[in-house]
Amino acid sequence: TAILNSYFKKEMTRAYMESVQYFADSLQESFSDSLEKGEMDDFKKLLERMKTIEGIKLINLYDQKFKINLSSEINLQKNKHSLEAPYQSRLKDSAESLRLMGESSTRILMPQIVTPDCLRCHPHWQVGELGGVIELWFDLTPLKDSISRQKAMLTLGGTALVLLLCILVYFLSLSIIKPLEKMTIAMSKL
């Protein structure tokens with residue numbers, strides 16, 4: 001069962017993370033429309049609505065200096081929390097999203113590259129540079145719960161199968177041993 005448990009954990013994690021990535025990609029599309037058009041009030045409303053979606057723990061928008069500009073968690077926004085330095089350098093050097101898997105959550109950091117639309121509100125920016133970062137935190141509790149249930153079911157199923165095989169072997173051995181004993185007794189009488 002250990003091999004099956006490992007396989008199912010890997011496959012369930014892969015499928016869950018693919019779903020998280022698809023969800024993040026669609027959020028990126030909806031966020032981009034608001035950000036590119038400079039509709040920050042719409043973006044704030046979108047942040048509020050995102051908090052109600054099960055599985056989303058946190059959404060942050062970092063500015064070019066990697067300070068939180070907007071957040072679904074008001075305390076982070078008030079404190080102008082900064083993105084961790086190692087991630088800042090990785091995001092500066094690449095337009096690719098970062099996916100960071102933690103114990104209880106996963107984070108996706110999506111760089112927002114400046115487009116010509118951004119220049120309407122930010123004329124000092126340059127097209128193609130990093131304009132900010134959207135950070136999404138997803139809860140891994142549903143995944144962990146599913147893996148635990150699957151592990152328990154596989155363990156119980158494996159134990160039941162072994163027990164069933166033992167019973168089967170016992171009854172098969174009885175059906176073979178009894179006739180052999182009778183044959184042995186009959187042969188010894190000859």
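This note sets out points on one helix, two pockets and the cysteines of a predicted model.

1. Helix H2, which runs over residues 40–50, has Phe43, Leu46, Leu47 and Met50 as buried residues. Seen down the axis of H2, these buried residues fall within an arc of 105°, so they line one face of the helix. Asp41 and Arg49, on the other side of H2, are exposed. As background to this pattern, an α-helix has 3.6 residues a turn, so residues three or four places apart point the same way.

2. The largest pocket holds about 390 Å³ of space. Its lining is made up of 24 residues, and those that lie nearest the centre of the pocket are Leu35, Cys118, His122, Trp125 and Gly131. The elements that contribute two or more residues to this lining are helix H1 (2–36) and the strands S1 (56–62), S4 (105–113) and S5 (130–139). H1 provides the largest share, which amounts to four residues.

3. As to the chemical character of the lining of the largest pocket, its residues divide into eleven nonpolar, ten polar and three charged. In reading these classes, note that Gly counts as polar and Cys as nonpolar, a point that bears on Gly131 and Cys118, both of which are listed among the residues nearest the centre of this pocket.

4. The second largest pocket has a volume of about 170 Å³. Its lining consists of Lys9, Thr13, Met101, Gly102, Glu103, Leu140, Leu143, Lys144, Ile147 and Ser148. Both H1 and helix H5 (141–189) supply at least two residues of this lining, and H5 gives the most, with four residues. By class, the residues that line the second largest pocket divide into four nonpolar, three polar and three charged.

5. H1 appears in the account of both pockets: H1 gives four residues to the lining of the largest pocket, and H1 also supplies at least two residues of the lining of the second largest pocket.

6. On the cysteines, the count of disulfides comes to zero. Why does Cys121 form no such bond in the model? The cysteine sulfur closest to that of Cys121 belongs to Cys118 and is 8.5 Å away, which is too far for a bond, given that a disulfide is taken as a pair of cysteine sulfur atoms within 2.5 Å.

7. The exposure of two cysteines can also be stated. Cys121 has 48% relative accessibility and therefore counts as partly exposed, while Cys166, with a relative accessible area of 49%, is likewise partly exposed. The cut-off that matters here is that a residue is called exposed at over 50% relative accessible area.

Conventions: Residues are numbered from 1 along each chain as its sequence is written. This is a predicted model: local features need pLDDT of at least 70, side-chain atom pairs count only at pLDDT 80 or more; totals for chains, interfaces and linings use all residues. Side-chain values use heavy atoms; hydrogens and water are left out. Buried means under 20% relative accessible area, exposed over 50%, partly exposed in between (1.4 Å probe, protein chains only). The arc is that of the directions from the helix axis to the C-beta atoms. On a 1 Å grid over the protein atoms alone, a cavity is a set of points where a 1.4 Å probe fits but cannot get out, and a pocket is an open set with protein on both sides within 12 Å along at least five of seven lines; lining residues have an atom within 4 Å of a point. Grid points are joined across faces, edges and corners, and a volume is the space filled by probe spheres set on the points.
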